[in-house]
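Take a look at the fold below. Start with the sheet, then turn to the side chains.

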Amino acid sequence: MAPPSKDDSPRGLGTDLLHADDGFHGPEVSPSISVTTTFRQTPIPVFKFEEILERPSSFRDTKTHVYSRITQGVSSRVERVLSKINGGFAITYGSGLAAAYAALTFLQPRGIAIGGGYHGVHQAIQIYGRGRDLKIVGLDDDFEGIDVCWVETPLNPTGEARNLQYYADKIHARGGRLVVDATFAPPPLQYPFKWGTDIIMHSATKYFGGHSDLLSGVLVVKTLDEWGKLWMDRNALGGVMGSLEAWLLLRSLRTLHLRVPRQAANAMELAKWLNSIASTPKGQFFDGVAGGIIRKVWHSSLQKPDASGWSPTEQMEGGHSPTFAMLFESAEVAGSLPLSLKYITPATSLGGVESLIEQRVRSSPGEDPRLVRISVGVEDVSDLKQDIRSALRTLGKVIPRQPRPSGQS
């Protein structure tokens with residue numbers, strides 16, 4: 001059940017982003033930055049520590065603070081905004097991987113179904129599995145003995161979407177729970193709770209942060225009781241977000257509804273244009289770029305219906321992910337392109353207002369060295385096209401074209 005609101009009338013996403021935390025307002029218009037770790041005590045204690053064990057959820061609404069690992073004003077506001085826009089109860093962590101590991105320690109799974117996605121989550125699962133008889137299977141395997149299904153959608157690095165309702169039904173039939181890493185598509189692009197998800201995870205470093213200047217992670221659960229248990233775990237383990245990062249995140253959330261739809265629209269147009277280049281036969285040209293240099297483009301907007309007839313359109317109700325991937329004809333082109341661009345920055349990560357691009361193998365060991373991931377920003381898409389067009393035309397002249405190995409498509 002979503003957190004109750006004093007005003008039951010529906011509000012737009014932009015209004016929620018600006019006003020979901022109104023109950024925490026002081027006299028200042030822009031929340032003040034407080035970096036204090038501790039707070040002045042009052043003659044009468046604000047609470048007794050034994051009360052934390054009895055009612056941890058009470059600290060979701062507190063406006064009086066004792067120690068910043070327990071609560072502090074701006075992070076409480078951030079969590080209230082994230083709760084409202086995700087339709088649940090949000091709790092923040094020091095990074096996306098900290099949030100992922102918090103979900104594992106909370107759920108204590110004996111078996112996990114997972115496939116592909118961010119390599120860091122797989123490493124977190126390996127660490128959790130130390131000393132445990134942990135069963136790990138693929139998403140398309142039988143779920144016998146599996147109590148957590150972990151789905152990342154859209155998928156890193158390709159931006160392809162997965163059918164959440166299918167995996168929700170599959171794991172719920174075994175009595176398990178569905179965790180969805182929705183980092184690549186925050187609200188308003190998709191709302192995983194609509195499709196049977198039990199816990200939503202985000203690396204808030206990415207689109208929620210949106211400016212490449214903070215680290216944070218988020219878990220969103222459906223009940224206040226679950227939130228209280230996660231809060232107790234976080235308080236004991238210390239995985240809190242820093243005070244300055246909380247302030248930066250709150251600032252960023254105010255413009256989420258402006259940034260993300262623009263990025264999604266840019267990415268969809270850019271993916272369509274690049275896919276047209278990829279579909280152009282070798283020896284021919286599309287919009288000034290030679291065919292054959294790009295072998296494949298992945299993006300949820302390019303996905304065809306699967307065998308069951310499912311397509312991402314309904315699930316991705318607010319648009320498609322601003323991050324996607326391309327496969328080039330050679331590792332040489334894939335490695336040279338990011339360093340040959342003017343407006344698109346060669347760097348890892350994603351979600352910022354500036355466009356980023358990288359040969360993915362530089363950050364994700366084992367990835368195909370021909371694969372390039374692009375995180376599309378808010379620049380004018382015509383300039384992004386021209387930037388890529390110019391670089392590809394130059395690279396096509398400088399780097400010798402590689403013949404296709406026999407049997408490779």
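This report goes from the sheet and its helices to a few side chains.

**The sheet**

The model is predicted. It contains an open sheet of 7 strands. Their order is β1-β7-β6-β5-β4-β2-β3, and the pairing is mixed. Which strands stand at the edges? They are β1 (89–93) and β3 (135–137). Each has a single partner strand, so one side of each lacks a neighbour in the sheet. On average, neighbouring strands of this sheet are turned by 20 degrees against each other, direction ignored.

Now pick out one pair of strands. Strand β6 covers residues 199–203, and strand β7 covers residues 217–221. The two run antiparallel, and 4 bridges join them. Look for His202: its bridge partner in β7 is Val218.

**Helices on the sheet**

Helix α3 (residues 73–86) packs on the sheet. It touches β1, β6 and β7. The direction of α3 makes about 135 degrees with that of β1. Helix α7 (residues 224–237) lies across β1, β5 (177–181) and β7. Helix α7 runs at about 15 degrees to β1.

**Aromatic rings**

How many aromatic pairs does the structure hold? It holds 1. The partners are Tyr166 and Tyr167, with ring centres 4.9 Å apart. Their planes stand at 80 degrees, so the pair counts as edge-to-face; the cut-off for that label is over 60 degrees. Are these two residues buried or partly exposed? Tyr166 is partly exposed, because its relative accessible area is 43%. Tyr167 has a relative accessible area of 9%, so it is buried. The cut-off for buried is under 20%.

Charged side chains also lie over ring faces. The table lists two cases.

| Charged residue | Ring | Distance from the ring centre |
|---|---|---|
| Arg132 | Tyr128 | 3.9 Å |
| Lys170 | Phe143 | 4.2 Å |

In each row, the charged residue lies over the face of the ring named beside it.

**One buried serine**

Finish with Ser243. It is found in helix α8, which spans residues 243–253. Is Ser243 buried or exposed? Its relative accessibility is 14%, so it counts as buried. What does Ser243 touch, leaving out residues up to four places away in sequence? The contacts are Ser34, Val35, Thr36 and Gln72.

Key
Residues numbered from 1 in each chain as written. Predicted model: local features only at pLDDT ≥ 70, side-chain atom pairs only at ≥ 80, totals over all residues. Heavy atoms only, no water. Buried < 20%, exposed > 50% of the residue type's maximum accessible area, 1.4 Å probe, protein only. Contact = heavy atoms within 4.5 Å. Phe/Tyr/Trp six-rings, centres within 6.5 Å; stacked < 30°, edge-to-face > 60°. Lys NZ or Arg CZ within 6 Å of the ring centre and 35° of its normal. Pairing = 2+ DSSP bridges. Axes fitted to C-alpha atoms, helices over the stretch in contact; angles between N-to-C directions.
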